[in-house]
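Here's a quick tour of a protein chain, made for someone just starting out with structures. Keep the 3D view open while you read, and click along as we go.

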Amino acid sequence: MIRIGILGAGGRMGQALLAAAAASPGLTLAGGIDRAGGDAIGAVVGGITIGDDAAALAHICDVLIDFTVPAALAGNLAAARAAACAIVIGTTGLEPEHHTAIDAAAAAIAVVQAANTSLGIAVTAALVRRAAAALADWDIEIAELHHRMKVDAPSGTALALGQAAAAGRGVALADVAVRSRDGITGPRVDGSIGFASLRGGSAAGDHIVLFAGEGERIEIVHRAENRDIFARGALTAAAWVTGKPAGRYTMDDVLGLHDR
Ligand code: NAD
């Protein structure tokens with residue numbers, strides 16, 4: 001049995017992970033922690049009591065799963081390293097210094113980091129990368145729809161799909177992205193990758209990557225129905241990374257998507 005520890009166990013993703021872990025054969029829930037002094041501390045969920053000591057939890061786990069806040073990352077990495085425990089990082093909003101810290105930790109332990117842990121998005125990105133490479137002169141537009149409470153645009157996942165398209169073409173997304181259009185924009189710039197963001201209702205997240213050529217179009221579409229998909233993918237990553245050599249891995253590694 002693979003022993004799992006949930007960091008951020010009191011949060012929305014933490015709760016989804018606790019429920020999904022309890023229903024996963026081959027995994028056993030070793031514990032969960034949340035912010036010291038927070039409301040979640042002491043709550044009993046899925047047979048474990050939520051605590052606040054990541055270092056102690058790491059010592060009784062094979063793998064930690066981190067869905068917290070960027071400010072917690074350094075402590076979580078230190079806890080994993082000290083216990084020689086693997087870690088899956090799903091927390092988003094990471095800055096360059098966080099990625100530097102992940103790289104340093106990955107010299108000693110196995111780390112999977114993914115801003116979107118859904119298995120469907122990983123496959124979607126792989127399809128987009130291949131299509132962008134094969135259809136080098138087609139126009140690429142990425143549209144996303146999210147619930148009315150989302151505060152940022154384009155979504156991190158839309159940008160990740162843009163990065164996959166740019167990687168397929170061997171260019172940097174920052175050089176070709178058009179993140180919004182308004183007014184007299186002039187004709188489309190060849191090679192650009194456009195984004196459009198729609199907001200409304202309770203949509204968990206739809207992403208549509210449109211490849212438009214002369215006389216034909218392809219649409220690659222992913223629709224998220226709920227956040228359980230992120231929990232399931234994170235648990236798949238946790239099972240995969242357990243026992244792997246030190247290094248930094250992605251969902252492409254988890255799913256073996258690199259050369260397909
Ligand atoms: P949330 O606010 O509901 O939960 C975060 C939890 O982390 C809270 O319970 C908070 O108290 C806890 N926390 C804060 N500081 C902590 C610390 N130092 N130690 C331990 N716990 C701490 O947020 P959420 O919706 O569950 O999302 C969490 C993170 O995961 C966000 O960054 C979000 O963007 C990201 N996310 C990633 C994916 C993905 O697929 N990778 C999917 C959904 C959300």
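**Two helices and their buried sides**

Start with helix α8, residues 228-241: its 14 residues should span 20 Å at 1.5 Å a residue, and its end C-alpha atoms are indeed 20 Å apart, so the two values agree. Bear in mind that this is a predicted model.

- Which residues of α8 are buried? They are I229, A231, G233, A234, L235, A237, A238 and V241.
- After α8 comes G243, and its phi is positive, near 85°.
- Helix α5 (residues 119-134) can be checked in a similar way: it has 16 residues and reaches 23 Å from its first C-alpha to its last, close to the 22 Å expected at 1.5 Å a residue.
- Buried residues in α5 are I121, A122, T124, A125, A126, V128, A131 and A132.
- So what covers the buried residues of α5? The cover includes three strands, β8 (139-146), β11 (206-213) and β12 (216-223), and it also includes the helices α6 (156-169) and α9 (251-255).

**A pair of packed helices**

- Two packed helices are described by the angle between their axes and the distance between the axes.
- For α3 (residues 73-82) and α4, the angle is about 0° and the axes are 10 Å apart.
- With that angle, α3 counts as roughly parallel to α4.
- Which residues meet where α3 and α4 touch? From α3 you get L73, L77 and R81, and on the α4 side they meet H98, A101, I102, A104 and A105.
- Sorted by class, this contact has six nonpolar residues, one polar and one charged.

**Leucine 94 in its loop**

- Look for L94 in the loop between β6 (86-89) and α4 (96-105).
- Is L94 buried or exposed? Its relative accessibility is 15%, so L94 counts as buried, since the cut-off for buried is under 20%.
- Leaving out residues up to four places away in sequence, L94 touches P70, L73, I89, H99, I102 and Q113.
- Two of those names may ring a bell: L73 and I102 also turn up in the contact between α3 and α4.
- For a sense of distance, try E141: L94 and E141 are 47 residues apart in sequence and 25 Å apart in space, going from C-alpha to C-alpha.

**Cysteines without a bond**

- A disulfide is a covalent bond between the sulfur atoms of two cysteines.
- How many disulfides are there here? The count is zero.
- C61 is in no disulfide, and its nearest cysteine sulfur belongs to C85, 5.5 Å away.
- Why is there no bond between C85 and C61? The sulfur of C85 is 5.5 Å from the one in C61, which is too far for a bond, because a disulfide needs the two sulfur atoms within 2.5 Å.
- C61 counts as buried, at 6% relative accessibility, and C85 counts as buried too, at 1%.

**Backbone oddities**

- Most residues other than glycine have a negative phi, and most peptide bonds are trans.
- A84 has a positive phi, near 55°, even though A84 isn't a glycine.
- You'll find A84 in the loop between α3 and β6, and at 65% relative accessibility A84 counts as exposed.
- Which peptide bond is cis? The bond from A153 to P154 is, with omega near -10°.
- P154 itself lies in the loop between β8 and α6.

Notes: Residues are numbered from 1 along each chain as its sequence is written. This is a predicted model: local features need pLDDT of at least 70, side-chain atom pairs count only at pLDDT 80 or more; totals for chains, interfaces and linings use all residues. Side-chain values use heavy atoms; hydrogens and water are left out. Helices (H or I, at least four residues) and strands (E, at least two) are DSSP runs, numbered from the N terminus. Buried means under 20% relative accessible area, exposed over 50%, partly exposed in between (1.4 Å probe, protein chains only). Contact means heavy atoms within 4.5 Å. Axes are lines fitted to C-alpha atoms, for helices over the stretch in contact, and angles run from 0 to 180 degrees between N-to-C directions. Angles under 35 degrees count as roughly parallel, over 145 as roughly antiparallel, 65 to 115 as roughly perpendicular and the rest as oblique. Ala, Val, Leu, Ile, Met, Phe, Trp, Tyr, Cys and Pro count as nonpolar, Asp, Glu, Lys and Arg as charged, and the others, Gly among them, as polar. The expected span of a helix is 1.5 Å times one less than its number of residues.
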